[in-house]
There are 2 protein chains.
Amino acid sequence: MHDVYFATGNLNKFKEADEIFKRNIDRVTLKHFNFVHREIRSDSLEEIAREAVAAAYAQLRKPVFVEDTGLFIDALNGFPGTYSAWVQKKIGCIGILKLMKGEKKRSARFETCIAFNNGEETHVFHGRCEGTIAEEERGKSGFGYDSIFVPEGETTTFAENIELKNKCSHRYKSLLELICYLKNV
Amino acid sequence: MHDVYFATGNLNKFKEADEIFKRNIDRVTLKHFNFVHREIRSDSLEEIAREAVAAAYAQLRKPVFVEDTGLFIDALNGFPGTYSAWVQKKIGCIGILKLMKGEKKRSARFETCIAFNNGEETHVFHGRCEGTIAEEERGKSGFGYDSIFVPEGETTTFAENIELKNKCSHRYKSLLELICYLKNV
C-alpha cells in the first residue's frame, strides 16, 4: 500500500480520478496535491504535462502525476485544444456552439495526457475519446464541455450520462493506463 | 546615434514599428532581432512582455524591446485577449464574427504593452485603442484583426484605412511613448 498524489487545482478532476482509483486498484491511495501552476504555452498536451509534473515533483518530492486535457474540434482547426479551460471561462459552451452553428463536420475528440513522476523518471499515458459536438447543450452532470460532447456510438452527451463518461472517457482511459502501470511496479 | 532592437518573430510588427521610428526619431536606428520565444500564460500583457524582454536581453545583451498586443472584446469577457495571435490562427476573424453575431454590445479595445530593457532596468509603455467590432470583414491592409476593428469615432476598419491605423493605433501610441523616453535618455 502506498500513496500517489494527483497534482491539480481542479477538484472535479480529483474526484473523478479518485472514484476510478477506488474501483480499480486496492493497494494505492490517491491523494490530492493542491497544485497551482502556470502551464507553459504549447499545442502539445504531453509537453505541457511533462513540464508540469517536473514542477510538481520538485515541490512535493513524492510520487505524483498531473493530467492535461483538451477538446480538439476538427472544423475549428483543433480549437480550443490545449487552451480548453481558458476558452471555457471566456466564451463557454455557448461560444463553441456559435462557432459550430451550421457546421456539418462536427467531429471532435477529447484527449488527456497524464505524466507521472516517481522521482526517477517520468511516464506518460494517453487517453482519447472520439465523438461529435452536439447542436445544443444537453445535461447537467460533469463540467467543462461535457454538455456538448457526444462520444462515438452514443446519442447522449457526457453531461446527460455521467456513468457513461466515467466508463469510456479520455480521462478514464488514461487513468486506467496509469493504474495498470502502478499495479506492475 | 545608437541602435535599439525590436525582438519579435512577426515581421509585420517590425515593419510597422520601423516606419514609426523613421518618422519620429532621428538618432536611434531600429533593428530587428528575430526572436522566437515561448511566452508565458497570463491574462496580463505587461507580465508577458516583462518576462519576454528579460529573455530577449539575456540572449542579445543590447538595448531591446518586445511588445505584446491583444484584442479585448467586452461581450466575450475579454476574449481573445492575450491569446489573440493563437485564436487568430485557429478560428480567424470569421470565428470572432460568429461569436459576435446578433450581439449589440460590440465594444472592444486593442491594447499593446512594450517592455524595453537597456541592461539596467525594464521600462514599460502602454498603448490602447478603443473601438467596436464590425459586423463583417472589411478591407485588405494590415493583419490579424485589423479587418474587423473600427476605432472609436471612425467608420472604417483599420484594414480599410491603414494610414489611420498607423496614426492612432495602440501599437503606435505605445511606440511613441517609447520613442519619447528614448529621446530623453
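The expected span of a helix is 1.5 Å times one less than its number of residues. In this predicted model, that yardstick offers a friendly way into helix α1 of chain A, which covers residues 11–24. The helix has 14 residues and reaches 20 Å from its first C-alpha to its last, close to the 20 Å expected at 1.5 Å a residue.

Which residues of α1(A) are buried? They are Glu16(A), Ala17(A) and Ile20(A). Viewed down the axis of α1(A), the buried residues fall within an arc of 95°, so they line one face of the helix. A general property of helices is helpful here: an α-helix has 3.6 residues a turn, so residues three or four places apart point the same way. Turned away from the buried side of α1(A) is a face that carries the exposed residues Leu11(A), Lys15(A) and Lys22(A). As for the cover over the buried residues of α1(A), it includes two strands, β1 (2–8) and β2 (28–34), together with the helices α4 (162–168) and α5 (170–183), in chain A.

The pairing of α1(A) with α5(A) can be followed further. The axes of these two helices come within 10 Å and cross at roughly 45°. Angles from 65 to 115 degrees count as roughly perpendicular and those under 35 as roughly parallel; α1(A) and α5(A) are therefore oblique to each other. In handedness, the crossing of α1(A) past α5(A) is right-handed. On the α1(A) side, the contact is made by Glu16(A), Ala17(A), Ile20(A), Phe21(A) and Asn24(A). Helix α5(A) contributes Arg171(A), Tyr172(A), Leu175(A), Leu176(A) and Ile179(A). Glu16(A), Ala17(A) and Ile20(A), already met as buried residues of α1(A), are thus named again among the residues of this contact.

Chain B has a helix pair of its own to describe. How far apart are the axes of α1 and α5 of chain B? Helix α1 (residues 11–24) and helix α5 (residues 170–183) of chain B pack with their axes 10 Å apart, at an angle of about 45°. That angle makes α1(B) oblique to α5(B). Here α1(B) passes α5(B) in a right-handed crossing. The residues of α1(B) that make the contact are Glu16(B), Ala17(B), Ile20(B), Phe21(B) and Asn24(B). Those of α5(B) are Arg171(B), Tyr172(B), Leu175(B), Leu176(B) and Ile179(B).

Back in chain A, helix α2 (residues 45–60) holds Val53(A). Is Val53(A) buried or exposed? A residue needs 20 or more other C-beta atoms within 10 Å to be buried, and Val53(A) counts as buried because it has 25 C-beta neighbours inside that distance. Not counting residues up to four places away in sequence, Val53(A) touches Val64(A), Phe65(A), Val66(A), Ala115(A), Phe116(A), Asn117(A) and Thr122(A). Ile114(A) is 61 residues from Val53(A) along the chain, and the C-alpha atoms of the two are separated by 9.0 Å.

After α2 comes a loop leading to β3 (64–73) of chain A, and Arg61(A) lies in it. Phi of Arg61(A) is near 60°, a positive value in a residue other than glycine. Arg61(A) is exposed, with 9 other C-beta atoms within 10 Å. The loop between β3 and β4 of chain A contains Asn77(A). For Asn77(A), phi is near 55°, again positive in a residue other than glycine. Asn77(A) is partly exposed, with 13 other C-beta atoms within 10 Å.

Strand β4 (residues 80–81) of chain A includes Pro80(A). What kind of peptide bond joins Phe79(A) and Pro80(A)? The bond is cis, with omega about 0°. Pro80(A) is buried, having 25 other C-beta atoms within 10 Å. Leaving aside neighbours within four places in sequence, Pro80(A) is in contact with Leu71(A) and Val87(A). Gly70(A) is 10 residues from Pro80(A) along the chain, with 7.2 Å between their C-alpha atoms. In chain B, Pro80(B) is found in strand β4 (residues 80–81). A cis peptide bond joins Phe79(B) to Pro80(B), and omega is about -5°.

The segment after α5 of chain B is the place of Asn184(B). Asn184(B) is exposed, with 6 other C-beta atoms within 10 Å. Between Asn184(B) and Gln59(B) there are 26 Å in space, C-alpha to C-alpha, and the two are 125 residues apart in sequence.

Definitions and conventions. Residues numbered from 1 in each chain as written. Chains lettered and ligands numbered in written order. Predicted model: local features only at pLDDT ≥ 70, side-chain atom pairs only at ≥ 80, totals over all residues. Helix = DSSP H or I, 4+ residues; strand = E, 2+ residues; numbered from the N terminus. Buried ≥ 20, exposed ≤ 12 C-beta atoms within 10 Å, placed from the backbone. Arc of directions from axis to C-beta. Contact = placed C-beta atoms within 7 Å. Axes fitted to C-alpha atoms, helices over the stretch in contact; angles between N-to-C directions. Parallel < 35°, antiparallel > 145°, perpendicular 65-115°, else oblique. Left-handed = near helix turned anticlockwise from the far one by under 90°.
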